[in-house]
Amino acid sequence: MAEKFETPVLGDPTERPMPVLIPGATADLKSYVAAPAHNEALGFPAQLVEDWKPKAIGLMGDLLSRYRSLQVFMDICVKCGACTDKCHYFIGTGDPKNMPVARQDLFRSIYRRYFTPAGKLVPGLVGAKELTRETLDEWFNYFHQCSQCRRCSVFCPYGIDTAEVSMAAREMLDQLGYGQKYCNEIIGKVHKIGNNLGLPPAALADTIEGLEEDIEAETGCAVKLPIDVEGAEVLLVTPSADFFAEPHVLGLIGYAKVFHQAGISWTLSTKASEAGNFGMFIGNYAQMKKIATRIHEAARELKVKRIVFGECGHAWRVAYSFLNTLVGPWDFLDPRYPVPQHILEVTNGLIANGGIKLDRSGNDNMVLAFHDSCNVARGARMGDRPGGQFVIPREVIKASVPKLVEMCPDTTHEKTFCCGGGGGLLTDELLEIRVKGAKPRMEALKQVVDSQGVTHMASLCAICKAQFTKILPYYGYDREMVVSVHQLVSNAIIMGNND
Amino acid sequence: MTTAFAILFYVATAVFVAGLAAKIARYTLVPAPLKIPTTPAPLTKAGVVFRMAREVVVFESLFKGNKPLWIFAALFHFGLLLVLIRHARYFMETVCAPVALLQPFGLYGALLMMAGLFLLAARRVVLPRIAYITGPSDWLLLVLLMLIGVSGGAMKLFAHTDIIAVKAFMLGLMHLEMRPLPADPVLAVHLGLVALLMIIFPFSKLLHAPGIFFSPTRNQTDNPRERRHVCAWAAKLDAGRE
Ligand code: HEM
Ligand code: HEM
Ligand code: SF4
Ligand code: SF4
């Protein structure tokens, strides 16, 4: 790993020193710009349009009139700085433009110049700036160095959510023909093939057959992973990474075993073979709705009664918080179940009512830490009580493993840190910011590894799992240290006849 | 001087009221298309009212975020509140009990407010990351509030003015009558700056006071699975669906 950058040195998470400001530290860390083909597939201009300036101002005005969050947040920030030291990318890089308020100010300075009387009359006094070509470049860089994790919004006295600003900025860039390759290419694959990884139906069927054989060889049970089965009770919508790589696949095997043991009929869908919805990352409502529509269609075509989502953080935010808004109502489904449900809600319920039985010795010698995924922690919920998203995964893990340890409280529950790869940053050209942004999580992990012998860290998000698999080695840990929650369930579940 | 200040106050009040009304109308009319409360969030309206009350009264999120700043913010805002409640006596014919009760604490209010302002200003010099995000308008407001405080305090302590006459002037304005304002320079400074503050208010970050109530991450209930939340422009996109 001969990299051009240095991996941060880990310190004590309980007394994190204030980063020294290094202006411009990540100014050159740029994601790849989307190619014309990526843009056109989504209906965006092929490349930066000639008249980008008036168009940008028009777009900004339109967004301000459609999103109360953006309009209010632009006005009410008092520059108190409570958010400044809360962003993992600032902590990891020291670049002041990675402080949430400074990131917002990239947008706010233009807002003030073109949409406020003070900004028009006395621009210098209120930090209003002319929109230039350089502004767009700066936006492209720094709004793709925000993982939309919402940690800053927890600590802001007005709940100003920089993620909303990043989404608005990315939406504008896309509409100007200056989008990001990673997100746009992936959304194109969803439309064309059905999932983020671009796995065609035949490949899916192959993978699933292989998994069924593996499970039978391991357990002696003929556990099925049904796909496109009409009339199943449950439609499982899961991130396509679950069909592709470890530890994701091991989680998928876990879901299959749970359904099998509980006797719930279920199916996957080739059409909705992706839980993730990158429409959120690019802040585009229409794209988000279009991607969500696949799930609605699949549920109708397969005549299912319930929809359950697999382990994925940002997918769960869109599913829990937006799905009903985007493509509801869901009145054709069984009203006794929330729409959608999270697989952990299902599993936790089954553990509680004896529908499945677990034996912790299946995970002998493992000491677990649990990484709360940002979009689940701060953008969604599980169960019927506030904070269920913290309780339910922990209950399931505790039922599956001998020991679960809590990391530093400043890094868990609603204060959890992003893994460093969320929000459209999980791409190789951004590796440096991904490694550096993982610093606070790695510090907290190191502390429990050193003091309490933690061997593994569980996660319930496809992005977190992929990100940690990649960056753990930079910090001297094994890539297999990160595990799926349902991988633990899979190891512990007692198969066969339990009576 | 009386006429000039009368005009100034009518103008300032008009700008303040119209400006704020326009902003509040804007915040009301622009829809929130998606449910984005920062979770864990309350599940009910009553829960939201309680969450908002905690934010406004005890600055709950700020407390999580930055303890020293929380203390400075509390000093300033509660000092200011005390001062403003005390000032209500200039605007009511007979002073009501709560306002009367707080009269003896005038200087404390001013001291708390000034201490808060001083500490808030010091942060902007001493802490590099706060200095980085501070612009001229941030300084303008701090200095403006300090000068209002200093001029007010000066009147209270030594540059006394005829507060009976000030009250008569203010009540007169409210009844569209012109009554003489004492011609004290310190009072003139105090009132001139207050008028300036009122004019700036709807065009500045002071919008945080009304704005906090409109922040979707704080004022939304967490019930998206139970209730479909669709705004007008999003509903139009539904039209094409089966
Ligand atoms: C609903 C009422 C209000 C609430 C909840 C509120 C809350 C806050 C909070 C939490 C802060 C950030 C911490 C700080 O810097 O002090 C702040 C800052 C500030 N507030 Fe308020 N405020 C309110 C009303 C007002 C009013 C009426 C004024 C002035 C006329 C005011 C003036 C300021 C100023 C100038 C700052 C920035 C201080 C600095 O430069 O650091 N606030 N407010
Ligand atoms: C039109 C509105 C206002 C009028 C007529 C007014 C008038 C006065 C007068 C006559 C005093 C002297 C009190 C005495 O001698 O006992 C005073 C004090 C003071 N004023 Fe004002 N003022 C106004 C608005 C404000 C505002 C908006 C602020 C704060 C932002 C403020 C802050 C103070 C302070 C801190 C003092 C000293 C402490 C006290 O007496 O409470 N004033 N004001
Ligand atoms: S949303 Fe997350 S990544 Fe973006 S500025 Fe806030 S803390 Fe940083
Ligand atoms: S915490 Fe909120 S109000 Fe304070 S500087 Fe950050 S975004 Fe602005």
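Two residues are in contact when they have heavy atoms within 4.5 Å of each other. Keep that in mind. One more thing before we start: this is a predicted model.

Let's begin with one residue, Tyr142 of chain A. Where does Tyr142(A) sit? Tyr142(A) belongs to helix H7 of chain A, which covers residues 133-142. Is Tyr142(A) buried or exposed? Buried counts as under 20% relative accessible area. Tyr142(A) has a relative accessible area of 3%, so Tyr142(A) is buried.

Now, who are the partners? Set aside the neighbours within four places in sequence. Then Tyr142(A) is in contact with Gly24(A), Thr26(A) and Ala27(A). Tyr142(A) also touches Asp95(A), Lys97(A) and Asn98(A). Arg103(A) and Leu106(A) complete that list of contacts.

Look at Ala27(A) again. Its backbone nitrogen lies 3.4 Å from a polar atom of the Tyr142(A) side chain. And here is a spacing to try on the screen. Go from Tyr142(A) to Ala169(A). In sequence, these two are 27 residues apart. In space, their C-alpha atoms are 10.0 Å apart.

Next, cysteines. How many disulfides are there over all chains? The count is zero. Take Cys419(A). Why is there no bond to Cys464(A)? A disulfide needs two cysteine sulfur atoms within 2.5 Å. The closest cysteine sulfur to that of Cys419(A) is in Cys464(A), and it is 4.0 Å away, so the gap is too wide for a bond. Cys419(A) is buried, because its relative accessibility is 2%. Cys80(A) is buried as well, because its value is 16%, and the cut-off is 20%.

Over to chain B. What is it built from? Chain B has 13 helices and zero strands. Read along the sequence, the pattern is α from beginning to end.

What about its dimensions? The C-alpha atoms of chain B fill a box of roughly 75 × 45 × 40 Å along the principal axes. Chain B has 242 residues, and 49% of them count as buried.

Now the surface. The accessible surface of chain B is about 11,800 Å². Carbon and sulfur atoms account for 78% of that surface.

Contacts next. Consider those in chain B between residues at least 6 apart in sequence. Of these, 72% join residues at least 24 apart.

Last, charges. Chain B carries 23 positive and 11 negative charges. The mean positions of the two sets are 6 Å apart.

Notes: Residues numbered from 1 in each chain as written. Chains lettered and ligands numbered in written order. Predicted model: local features only at pLDDT ≥ 70, side-chain atom pairs only at ≥ 80, totals over all residues. Heavy atoms only, no water. Helix = DSSP H or I, 4+ residues; strand = E, 2+ residues; numbered from the N terminus. Buried < 20%, exposed > 50% of the residue type's maximum accessible area, 1.4 Å probe, protein only. Areas by Shrake-Rupley, 256 points an atom, 1.4 Å probe, with all protein chains shown as cover. Lys, Arg positive; Asp, Glu negative; His and termini not counted. Charge placed at Lys NZ, Arg CZ, Asp CG, Glu CD. Polar contact = N/O pair within 3.5 Å; in protein donor to acceptor, adjacent residues only side chain to side chain.
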